Amino acid sequence: MALPTYASPLERVWYYTYRVICVLIFVFLISPILVVIPLSFNAEPYFTFTERMLTFDPDGYSTRWYDALLTLGHPNADGPRDSLWWSQVWERATWVQAAKNSFWVGLWATILATTLGTIAALGLSRPEMPYRRLIMALLISPMIVPIIIIAVGMSFFYAQACVPPGGALESTVGLFLSEKGCLANSHLGVIVAHAVLGIPFVIITVTATLSGFDQSLIRAAQSMGANPRTVFFKVIMPLILPGVISGALFAFVTSFDEVVAVLFIAGPDQQTIPRQMFNGIREAISPAILAVATILVVISTLLLATVELLRRRSDRLRGVTGR
Amino acid sequence: MAEATPTLLTTADGRPLKAALAEAQVRAKRRAFLLVLPLLAFVLLTFLVPIGYMLKRSFEHDGFANSAPALRAWFAENPGFDPADPPEAAYAALVDDLARMQVERTTGIAGTRVNYSVSGTISLFKAGARAAADLQPPFKEALLAADAKWGSPALWRGMESASHVYTPEFYLVAADRKLTDEGWARGEDKERIYLYLFFKTFLISGIITVLCLLLAFPVAHLLATLPMAKSALLMILVLLPFWTSLLVRTTSWIVLLQEQGVVNNMLVAMGLVDDKGRLSMMYNMTGTIVAMTHVLLPFMILPLYSVMKVIPPSYARAARSLGATSWTTFRRVYLPQTLPGIAAGSLLVFILAVGYYITPALVGGADGQLISNLIAFHMSKSNWSLAAAIAAMLLAAILALYWIYDRLVGIDRLKFG
């Protein structure tokens, strides 16, 4: 969008003003994310730049808040850092536990949402699918309905969703439920809730990938004698894989970032990173939170890069040029 | 042309083609539906059933009905009683129930149930239950002597209403109605918090939507008109916030805007603000609006961008060559073409803003709370039915907006990045 040669002086002024406005908006978008990174290396327990930080004095910076992530909840925080100390970090440190919980819940929720979502997207993108619009609206609605409403509904339902004690169900399904045999306060409950929240993202990305999918490829494969399994794994899957992976990453991020459902349906054993952060911000905000935030920013940058690369690959495969 | 003889087209095995085709279509339909079925069942069970449970809960409260069986029976037998002057039998049933509540320790839950519509009932019930065992007949005089409030028609109306397990009462309460001596009426001004909060939530969401639109429009336009390589680079600046944890972004705004925060320190250092006159931009409405605008901005930029991307620049050039000023070109030619994007982005941002919980809870302070926070508050106070009723009202509003979105934009046009 270069300035045309016939532009009047007023238009020239506007052109540069417009550029400045855009730069300011980009600053607004990005500065909150960048500001936490240097502050997480603050040597003082403050949330603002100290004088020593501004003069780039090395003493003004430290990694003490990253260290605090390992020692919070550690039974022997000041002890010598031998292998026992590190194994206790792995077993006991509060933030490490939260990270492990977040990771496992996110992984299972992603697997559940991606598997069910991809299969459903295959059906939804067939032209003969009945009630397509209605079903699509229903499957997308977990993204639109406020999370607080979903959480309230689930907290009522999960408290009732219990297996009868002593039955055959309890010895099988009960393993995944809470001590009382209910979905409330159980890992399974959180996983299921997060899977529901991730499903819209999988549906949207996979149906978008399938919209450019040439259905005649399936018929071609079938006419050459491929059975449905071969068609799926050798023809469909390689072509839609980038979309499936993007959807899975979206679902994982949704779960990894979700706190409201966890607050309402999870017990003390399901402490996740966002829940720990939420409580930390509410009670006494310590710069250790900024250290966590910095780590999360790094993770989300990596995820974004992955998704972008996948999207370009998918566009190339489908013969779509440009964005 | 010869007269068309209606020869029936058949398939190779001799069946009529029409029937074979219809059969194949039914089979294809069934196959497509079977693919969707597992997910549909999963979503029904884990999403729709809980919401159905919540709706049921919003009509249901057995706190009083279960702990006052005698009164419940009496109300069932005397549907047309005069709440201004209930007979001795009603008072006898009441005293009987109060004594039972004291033994079974259900005074609190029964009082709370009636208290939703008639305030001051919890303390009244507690005092009554403590004294009930020692009261002598006639109970009417005895109770009224203990506290004249026992004769209040509003209380008797409230107890009659509370003796039903299923009731629309919580919706009336959530619409700021109270039981008075004459029946349901609008509560006093200072008690009318729920509808006011609904109104405030919609107003704030509207402000946030407008702010997002104002900020998103120039950026989306720039991204859509820059050469691909540059715009892809700038797009990362839009997508990175989108991918960053909501809690991280909220924390950042606390760091930036609090009184000892980065922005205030900069303003003081630059001498724009006195050290004592630091701006309070956090833990109030300003904090909620700024942080939520930032969080929701990508949801406005992305739909706008995808619409602007496909607007051919030749229209604007044609308008200019026909003598339109740049302002007229923008207003009469460019802006109308971006309307689908504006509608899509605005509706999405508004829908998401109306139900927001985390950001107002963390940065809103006392003043910047929205309707979601009120639902969470009532959940934490165990006012489950009232929380469910408010949530159901919010849900109805969201579904109406969602329906409009589907009509106007179409949900299959939703995309990310």
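**Domains, confidence and local geometry in chains A and B**

The domain assignment of chain B gives two parts, domain 1 (63–191) and domain 2 (194–413). The model described here is predicted, and confidence is therefore a useful companion to the geometry, since predicted coordinates should not be read in detail where pLDDT is low. The mean pLDDT of chain B is 88, with 97% of its residues at 70 or more. Within this chain, strand 2 (residues 183–186) of chain B has the lowest confidence, with a mean of 80, whereas helix 10 (residues 194–225) of chain B has the highest, at 94.

Turning to how the two parts of chain B meet, the centres of domain 1 of chain B and domain 2 of chain B, taken over C-alpha atoms, are separated by 47 Å. Contact between them involves 8 residues of domain 1 of chain B and 11 residues of domain 2 of chain B. About 810 Å² is buried between domain 1 of chain B and domain 2 of chain B, and carbon and sulfur atoms give 70% of that area.

Chain A can be followed in the same order. Its assignment comprises domain 1 (48–92) and domain 2 (96–317). Over C-alpha atoms, 33 Å separate the centres of domain 1 of chain A and domain 2 of chain A; the contact takes 10 residues from domain 1 of chain A and 11 residues from domain 2 of chain A. These two domains of chain A bury about 820 Å² between them, with 70% of it on carbon and sulfur atoms. On the domain 1 side of chain A, the residues that lose the most area to domain 2 of chain A are Trp65(A), Tyr66(A) and Leu69(A), which together make up 59% of what that side buries. The average pLDDT of chain A is 86, and 96% of the residues score at least 70. Among the elements of chain A, the lowest mean pLDDT, 70, belongs to helix 8 (residues 168–172) of chain A, and the highest, 94, to helix 5 (residues 94–124) of chain A.

Back in chain B, a pair of helices deserves a look. The axes of helix 5 (residues 107–115) of chain B and helix 6 (residues 121–132) of chain B come within 8 Å and cross at roughly 145°. The crossing of helix 5 of chain B with helix 6 of chain B is right-handed. Residues of helix 5 of chain B in this contact include Thr107(B), Gly108(B), Ala110(B) and Val114(B), while those of helix 6 of chain B include Ile122(B), Phe125(B) and Lys126(B). By class, the contact between these helices has 5 nonpolar, 6 polar and 1 charged residues.

Two backbone details flank this pair of helices in the chain B sequence. Arg105(B), in the loop between helix 4 (88–104) and helix 5 of chain B, has a positive phi near 55° although it is not a glycine. Pro138(B) lies in the loop between helix 6 and helix 7 (139–146) of chain B, and a cis peptide bond, with omega about 0°, joins Pro137(B) to Pro138(B).

Conventions:
Residues are numbered from 1 along each chain as its sequence is written. Chains are lettered from A and ligands numbered from 1 in the order in which they are written. This is a predicted model: local features need pLDDT of at least 70, side-chain atom pairs count only at pLDDT 80 or more; totals for chains, interfaces and linings use all residues. Side-chain values use heavy atoms; hydrogens and water are left out. Axes are lines fitted to C-alpha atoms, for helices over the stretch in contact, and angles run from 0 to 180 degrees between N-to-C directions. Helices (H or I, at least four residues) and strands (E, at least two) are DSSP runs, numbered from the N terminus. A crossing is left-handed if the near helix is turned anticlockwise from the far one by less than a right angle, and right-handed if clockwise. Contact means heavy atoms within 4.5 Å. Ala, Val, Leu, Ile, Met, Phe, Trp, Tyr, Cys and Pro count as nonpolar, Asp, Glu, Lys and Arg as charged, and the others, Gly among them, as polar. pLDDT is the predictor's confidence in each residue, from 0 to 100. Domain bounds come from an automatic or database domain assignment. Buried area is the accessible area (1.4 Å probe) that two parts lose on being put together, summed over both.
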